[in-house]
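The following exercises concern aromatic pairs, salt bridges, a helix and internal cavities. Please study the sequence and the structure before working through each solution.

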Amino acid sequence: MFDMSGGVMIEYKKQIVIEGEIMIIMVCIDEDKGLAFSGRRQSQDRVLRADILQECRGKRLYMNSYSYQGFPEAQQNIGSLGVEFRTVENFIELAGAGDFCFVENVDVEPWIEQIEGIVVYEWNRKYPADLYFSVDFEEDTWTLKSEETFTGSSHPQIVKKVYERRK
């Protein structure tokens, strides 16, 4: 499990899952849980990307090549950010215990059992969408561990919620 305090990772304990490795996914969704429209991200935000990089410091961050394009700071300063980027198209299949996966244009449902935690960034508006985040937080599977609101570079309000899988 992982525990968040003030937006800083303070502890991580590995767990073993019979069906595969466990991971922490990160998503950006709108008020209707929309992820993407016509294969494109709904929005992006510099401050949000900085928060993702801070969250993943000292860890591996998996994503596909499309998502990597949204991190120009990583492309310019690779190695100096303290994040080990892994950019491959089948990134969710390769992520292991304690790894982060940034998901923008992939449905996570086939890997739901391998997800131990979810970091959700919610835009404070609705965008057109044709791909939605399929995880239901109303089920008894997830516990909200922390929530914070911050001002982004392109959004006046972004809500960051950290969920943990219930034991």
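**Exercise 1. State how many aromatic pairs the whole structure holds, and characterise two of them.**

Step 1. A search of the whole structure gives six aromatic pairs. Rings of Phe, Tyr and Trp (its six-membered ring) pair if their centres lie within 6.5 Å; planes under 30 degrees apart count as stacked, over 60 as edge-to-face and the rest as tilted.

Step 2. The ring centres of Tyr121 and Phe150 are 6.4 Å apart and the planes stand at 80 degrees, so this pair is edge-to-face. It links distant parts of the chain, with Tyr121 in strand β9 and Phe150 in strand β11, 29 residues apart. Strands (E, at least two residues) and helices (H or I, at least four) are DSSP runs, numbered from the N terminus.

Step 3. Tyr121 is buried at 0% relative accessible area, and Phe150 is buried at 14%. Buried means under 20% relative accessible area, exposed over 50%, and partly exposed in between (1.4 Å probe, protein chains only).

Step 4. Phe137 and Tyr163 form a stacked pair, 3.7 Å centre to centre with 15 degrees between the planes. Phe137 lies in the loop between β10 and β11 and Tyr163 in strand β12, 26 residues apart.

Step 5. Ring pairs also join Tyr68, Phe71, Phe85 and Phe102 into a cluster.

A note on the basis of these values: this is a predicted model, in which local features need pLDDT of at least 70 and side-chain atom pairs count only at pLDDT 80 or more, while totals for chains, interfaces and linings use all residues. Residues are numbered from 1 along each chain as its sequence is written, and side-chain values use heavy atoms, with hydrogens and water left out.

**Exercise 2. Determine the number of salt bridges and locate the partners of Lys126 and Glu164.**

Step 1. A salt bridge is a side-chain nitrogen of Lys or Arg within 4 Å of a carboxyl oxygen of Asp or Glu. By this rule there are nine salt bridges.

Step 2. Lys126 pairs with Asp32, their closest N and O atoms being 3.9 Å apart. Lys126 is in the loop between β9 (115-123) and β10 (131-132), and Asp32 is in the loop between β3 (23-29) and β4 (34-37), 94 residues apart. Lys126 is exposed at 54% relative accessibility, whereas Asp32 is partly exposed at 43%.

Step 3. Glu164 forms a salt bridge with Lys145 at 3.9 Å, N to O. Glu164 belongs to strand β12 (residues 158-165) and Lys145 to strand β11 (residues 142-150). Glu164 is buried at 10%, while Lys145 is partly exposed at 41%.

**Exercise 3. Describe the largest cavity and the helix that contributes to its lining.**

Step 1. A cavity is a set of points, on a 1 Å grid over the protein atoms alone, where a 1.4 Å probe fits but cannot get out; lining residues have an atom within 4 Å of a point. The largest cavity holds about 90 Å³ of space.

Step 2. Its lining comprises 14 residues, with Arg41, Gln44, Arg49, Phe102 and Glu104 nearest the centre.

Step 3. Helix α1 (residues 46-55) supplies the largest share of this lining, three residues. The buried residues of α1 are Leu48, Arg49, Asp51, Ile52, Leu53 and Glu55.

Step 4. Asp45 caps the N-terminal end of α1, with a side-chain oxygen 3.0 Å from the backbone nitrogen of Val47.

Key:
On a 1 Å grid over the protein atoms alone, a cavity is a set of points where a 1.4 Å probe fits but cannot get out, and a pocket is an open set with protein on both sides within 12 Å along at least five of seven lines; lining residues have an atom within 4 Å of a point. Grid points are joined across faces, edges and corners, and a volume is the space filled by probe spheres set on the points. A polar contact is a pair of N or O atoms within 3.5 Å; within protein, one must be able to donate a hydrogen and the other to accept it, and residues adjacent in sequence count only if both atoms are side-chain atoms.
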